[in-house]
Amino acid sequence: MTRTADTLAGLSFNPVEPSQTAAARFLARGPLGLLIGGRWTAAADGDEFSTVDPATGRTLAMVPRAGVQDAEAAVAAARIALESDPWAGNTPEERSRLLWRIADLLEANLDELAALESLDQGKVLATAKFGEIPAAIAQFRYYAAAARALEGTTVPTSLRRQGPERQVFAYTVREPIGVVAAVVPWNSPLLMAAMKLAPALAAGCTVVLKPAENTPLTALRLGELLVEAGTPAGVVNILTGFGQEVGAALATHAGVDKITFTGSTAVGKQLVGDARSNLKRLTLELGGKSPAIIMGDADVTRAAAGVSRGIFDNGGQVCVASSRIYAQRGVYEQVLAAMAEKAESLSLGHGMDPRAELGPLVSRAQADRVQAYVSSGRAEGAEVLAGGVQGGAEGTFFQPTVVSGVAEDSPLMREEIFGPVAVVTPFDDPEQVIEWANDSRYGLAASVWTEGLSNAHRMAAQIKAGTVWINCHSYFSPELPKGGHKESGWGYENGALGLSNYLESKTVCAVI
């Protein structure tokens, strides 16, 4: 049975003992600063806010609450760095070496970064240590190589020569887009920061990074490592604070050339309006309600385990979480039973407790939101087969939940919950399930589970999503483009497409 969150008070692990870990020593330093122009500083008005351990409610650190004046200073520093040496005159090799040094420093401090991520966000230490921090390191190493692979083209034209001895010669070059405002979410803070910083730096841009207010710690520690790696002053600036204050100031700032944002569709739509003033370029990875289709010929044990990981890992706080599971009628009961059993078996606890398989959600507000969805589903007649209980001393834990009997128009089925709630629905007709899968304003990701080659590729072609996995879910790598269709976003991250986000093309045409 699931260990309920109410038993957490008995855990003996003390997550912030200053003498034990590098993460604790980082937290023991006292108030942290903003990184602006290569210097650590307090907010201009001296304001601060606390970041807390969601499992215990204990304050981890005080961080500056940046405002409009700090945004002005950070953008100015980024602009100066963009247009002056040593950054303006850097070579691809120099950028590559910098990115590799950053990756090496992240790797050398992996344990500390994983602990900070676990304490600040709530995720279990293993997820951070063996998944997300190594993935962040991989981003910097991938784009370290990509920085040296930027190419232009020569263009044969149809323009006539001007005289017998004159020729028309044309070529294209790729140039950095400019000053980038990178706004990252709280579910995978360091990884999301790396996915934006690494390609932006490889392209030669400068960046103002705004981490989520719930999870600023790894961004600040990353800032220290960037300085240690030799990143020139002003190339990366880090502003901790709230979206409606410093985030809005960056979004509307005329000195920002591009916004790259991962978060909710509602905020993404707001950014589209904010970008109009100077037609900022936008890359938006937004919400999702990802379907997982389990065909009757699938390896059901493998499929049920895979979609369970897809919805329960990180407490379901994953943009591509497999929240809508459609199982063909012949295997539906088996899938439902296997998922319910898995949900009941998962152990909840503090993220730093090695016995825990799931930690708390990021905040009480998020847990309350998940509970509201489940309660509403129950009221509509849905059956909760496992979980559905919120608890813990801070009310931040939520048991992995499996729900059946949900109507296609229910909020449980249509809205992004961002919690460990799986809705399982039977289907008979493969064509009907494709209609259900596509009947969503979102189109971020999906998975198909089948042993049939025809099923796999036919359904992958029919599903409207930026990523379709076959016999797996939530598989990522720096070289694999990642982005959304419909209201799940604009543009792609990762791979060559991710690098292109931060580059402008220039055509040069000469009569020689």
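This report walks through a predicted model of one protein chain, from its overall build down to a few single residues.

## The whole chain

Let's start with the big picture. The chain has 512 residues, and a compact globule of that length would have a radius of gyration near 24 Å; the chain comes out at 24 Å, so the two agree. Along its principal axes, the C-alpha trace spans about 80 × 60 × 40 Å.

Inside, there are 16 helices and 26 strands. Buried residues make up 57% of the chain. Now look at the contacts between residues with a separation of 6 or more: 73% of them link residues that are 24 or more positions apart.

## Glu 285, a site from the record

UniProt, in an unreviewed entry, puts the feature "active site" at Glu 285. You'll find Glu 285 in strand β11, which covers residues 281-285.

Is Glu 285 buried or exposed? Its relative accessibility is 4%, and anything under 20% is called buried, so Glu 285 counts as buried. Who is around it? If we skip the neighbours within four places in sequence, Glu 285 is in contact with Phe 261, Thr 262, Gly 263, Cys 319, Leu 444, Lys 482, Ser 488 and Glu 493.

## Helix α12 and its two sides

Helix α12 runs over residues 364-379. At 1.5 Å a residue, its 16 residues should span 22 Å, and the end C-alpha atoms are indeed 22 Å apart, so the expectation and the model agree.

Which residues of α12 are buried? They are Gln 366, Ala 367, Val 370, Gln 371, Tyr 373, Val 374 and Gly 377. They cover an arc of only 155 degrees around the axis, which means that they sit on the same side of α12. The spacing fits a simple rule: an α-helix has 3.6 residues a turn, so residues three or four places apart point the same way. On the other side of α12, Ala 365 and Ala 379 are exposed.

What do the buried residues of α12 pack against? The list is β14 (383-386), β15 (390-391), β16 (397-398), β17 (401-404), α13 (411-414) and β18 (421-427). Just after the helix, Gly 381 takes a positive phi of about 105 degrees.

## Strands with two faces

In a regular strand the side chains alternate between the two faces of the sheet. Strand β21 (residues 467-470) shows it: Thr 467 and Trp 469 point to one face and are buried, while Val 468 and Ile 470 point to the other and are not. β21 runs parallel to strand β20 (residues 445-449), and four bridges join the two. One of the paired spots is Ala 445, whose bridge partner in β21 is Thr 467.

Strand β3 (residues 48-52) has two faces as well: Phe 49 and Thr 51 are on the covered one, and Glu 48, Ser 50 and Val 52 are on the uncovered one. This time the partner, strand β4 (residues 59-64), is antiparallel, with five bridges. Phe 49 stands opposite Val 63 in β4. Together β3 and β4 make a hairpin with six residues between them, and Gly 57 in the turn has a positive phi of about 80 degrees.

## A three-stranded sheet

Three strands build an open sheet in the order β5-β6-β26, with antiparallel pairing. At the edges are β5 (153-154) and β26 (503-511), each of which pairs on one side only. Strand β6 (residues 168-176) and β26 are joined over nine bridges. Across this pairing, Phe 169 stands opposite Ala 510 in β26.

## Two buried loop residues

Loops can hold buried residues too, as two cases here show. Val 124 lies in the loop between α4 (110-121) and α5 (125-146), and its relative accessibility of 9% means it counts as buried. Leaving out residues up to four places away in sequence, Val 124 touches Ser 118, Gly 351, Ala 356, Glu 357, Leu 358 and Gly 359. Val 124 and Asn 314 are 190 residues apart in sequence, yet 7.6 Å apart in space, C-alpha to C-alpha.

Ser 188 lies in the loop between β7 (179-183) and α6 (189-203). Ser 188 is buried, with a relative accessible area of 9%. Asn 314 turns up again here: with the same sequence neighbours left out, Ser 188 touches Glu 117, Lys 123, Glu 132 and Asn 314.

Technical notes. Residues are numbered from 1 along each chain as its sequence is written. This is a predicted model: local features need pLDDT of at least 70, side-chain atom pairs count only at pLDDT 80 or more; totals for chains, interfaces and linings use all residues. Side-chain values use heavy atoms; hydrogens and water are left out. UniProt positions are given in the numbering used here, feature names are shortened, and annotations may be inferred rather than shown by experiment. Buried means under 20% relative accessible area, exposed over 50%, partly exposed in between (1.4 Å probe, protein chains only). Contact means heavy atoms within 4.5 Å. The expected span of a helix is 1.5 Å times one less than its number of residues. The arc is that of the directions from the helix axis to the C-beta atoms. Two strands pair if DSSP finds at least two bridges between them. The radius of gyration is taken over C-alpha atoms; the globule rule is 2.2 Å times the number of residues to the power 0.38.
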